[in-house]
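User: I would like to learn how to read the features of a structure one at a time. Can we work through an example together?

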Amino acid sequence: MNKAVFLDRDGTLCVDRHYLCRFEEFELLPGVPEALKLLKDAGFLLIVITNQSGIARGYYTEADFRDFTARMEEYLTGRGVSVDRVYYCPHLPDAAVPSLRRTCDCRKPKTGLFERAVRDFDLDLSACYAVGDRLRDCAVCRGTACRGYLVGRTEPESVIRAVSEGEIPGVSYAPSLYDAAVDVMKSI
Ligand SMILES: [Mg+2]
Ligand SMILES: [Zn+2]
């Protein structure tokens with residue numbers, strides 16, 4: 001079996017521009033290439049899981065998203081790291097795009113995309129980590145052996161405090177993805 005780190009995209013890997021789809025606005029957060037290298041060298045697969053309601057809302061298309069993702073992957077490769085897969089949810093219950101209008105099982109905090117990654121990559125969840133700037137990015141930790149890190153200051157202070165005080169089972173707080181990666185290195 002394999003191990004992976006599930007990574008949120010906006011606010012975790014890159015600056016959250018709200019419905020980011022123009023690659024010109026893509027900006028990695030500090031320490032991200034270094035963090036990804038640490039994790040990769042420790043044997044983790046790097047799997048991005050991202051809610052893309054901008055597709056459901058009609059702000060950009062799935063083709064736009066795939067083009068963006070290809071450029072992001074190329075950019076990371078140029079910095080010596082590569083992600084293994086990017087999974088995304090394009091749905092919303094009230095989507096402007098009729099074909100994407102559904103209550104799906106893949107929009108975080110639903111865990112459909114995590115489950116798909118587990119199947120696709122034969123993952124042992126007890127060796128995996130989830131990292132994101134929203135608690136929903138760590139949804140897979142609920143009721144499983146997967147551990148998680150809430151990062152950044154996106155969530156309200158009350159949520160950050162609760163996580164920091166260990167009130168959310170399996171989830172810890174780290175200021176950034178890099179800090180989370182350093183912490184992961186201590187526990188493997
Ligand atoms: Mg995010
Ligand atoms: Zn979905």
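User: Is His-18 buried or exposed?

Analyst: The model is predicted, and burial is read from a count of neighbours. A residue with 12 or fewer other C-beta atoms within 10 Å is exposed. His-18 has 8 of them, so it counts as exposed. The residue sits in the loop between E1 and H1.

User: What is the phi of His-18?

Analyst: Phi of His-18 is near 60 degrees, a positive value in a residue that is not glycine. Tyr-19 likewise has a positive phi of about 60 degrees without being a glycine. Tyr-19 also belongs to the loop between E1 and H1. With 14 C-beta neighbours inside 10 Å, Tyr-19 is classed as partly exposed.

User: Where does a glycine take a positive phi?

Analyst: Gly-80, just after H3, has a positive phi of about 85 degrees. H3 itself can be checked for length. Its 17 residues, 62-78, should span 24 Å at 1.5 Å a residue, and the end C-alpha atoms are 24 Å apart, so the two values agree.

User: Which elements make up the chain, and in what order do they run?

Analyst: The protein has six helices and six strands. Starting at the N terminus, the order is β-α-β-α-α-β-α-β-β-α-β-α. The radius of gyration is 16 Å, close to the 16 Å from the globule rule for 188 residues, so the protein is as compact as a globular protein of that length. Along the principal axes, the C-alpha atoms fill a box of roughly 45 × 35 × 35 Å. Of the contacts with a separation of 6 or more, 60% are between residues 24 or more positions apart.

User: Which way do the side chains of strand E1 point?

Analyst: The general idea comes first. In a regular strand, side chains alternate between the two faces of the sheet. In E1, residues 4-7, Ala-4 and Phe-6 point one way while Val-5 and Leu-7 point the other way, and all are buried. E4 can be read likewise: Tyr-129 and Val-131 point one way, Ala-130 and Gly-132 the other way, and all are buried.

User: Which strands are joined to E1, and by how many bridges?

Analyst: Take the partners one by one. E1 runs parallel to E2, residues 45-51, and four bridges join them. Within that pairing, Phe-6 has Ile-47 as its bridge partner in E2. E1 also runs parallel to E4, residues 129-132, through three bridges. There, Val-5 stands opposite Tyr-129, and Phe-6 stands opposite Ala-130.

User: Which strand is joined to E4 by four bridges?

Analyst: That strand is E5, residues 147-151, which runs parallel to E4. Arg-147 in E5 is the bridge partner of Tyr-129.

User: What is the handedness of the unit made by E1, H1 and E2?

Analyst: Handedness is read by following the path from one strand over the helix to the next. E1, helix H1 (residues 32-41) and E2 make a right-handed β-α-β unit.

User: Which residues touch the most other members of the largest nonpolar core?

Analyst: That core has 45 residues, and Val-5, Phe-6 and Val-131 touch the most other members. Outside its neighbours within four places in sequence, Val-131 has contacts that include Val-5, Leu-7, Tyr-149, Val-151 and Leu-177. Across the protein, 38% of the 188 residues count as buried.

User: What is found in the loop between E3 and H4?

Analyst: Two residues there are worth reading. Pro-109 is in this loop, and the peptide bond from Lys-108 to Pro-109 is cis, with omega near 15 degrees. Asp-105 is in the loop too, between E3 (85-89) and H4 (112-121). Asp-105 has 13 other C-beta atoms within 10 Å and is therefore partly exposed. Apart from neighbours within four places in sequence, Asp-105 is in contact with Lys-110 and Gly-112.

User: How far apart in space are Ile-188 and Ala-42?

Analyst: Separation along the chain and separation in space are read independently. Ile-188 and Ala-42 are 146 residues apart along the chain, with their C-alpha atoms separated by 8.5 Å. Asp-105 and Leu-123 are 18 residues apart in sequence, and their C-alpha atoms are 19 Å apart. Ile-188 lies in the segment after helix H6 (177-186). With 11 other C-beta atoms within 10 Å, Ile-188 is exposed.

How values were computed:
Residues are numbered from 1 along each chain as its sequence is written. Chains are lettered from A and ligands numbered from 1 in the order in which they are written. This is a predicted model: local features need pLDDT of at least 70, side-chain atom pairs count only at pLDDT 80 or more; totals for chains, interfaces and linings use all residues. Helices (H or I, at least four residues) and strands (E, at least two) are DSSP runs, numbered from the N terminus. The radius of gyration is taken over C-alpha atoms; the globule rule is 2.2 Å times the number of residues to the power 0.38. A residue is buried if 20 or more other C-beta atoms lie within 10 Å of its own, exposed if 12 or fewer, and partly exposed in between; C-beta atoms are placed from the backbone. Two residues are in contact if their C-beta atoms, placed from the backbone, lie within 7 Å. The expected span of a helix is 1.5 Å times one less than its number of residues. A nonpolar core is a set of buried Ala, Val, Leu, Ile, Met, Phe, Trp, Tyr and Cys residues joined through C-beta atoms within 7 Å. Two strands pair if DSSP finds at least two bridges between them. A crossover is right-handed if, with the strands pointing away from the viewer, the path from the first strand over the helix to the second runs clockwise.
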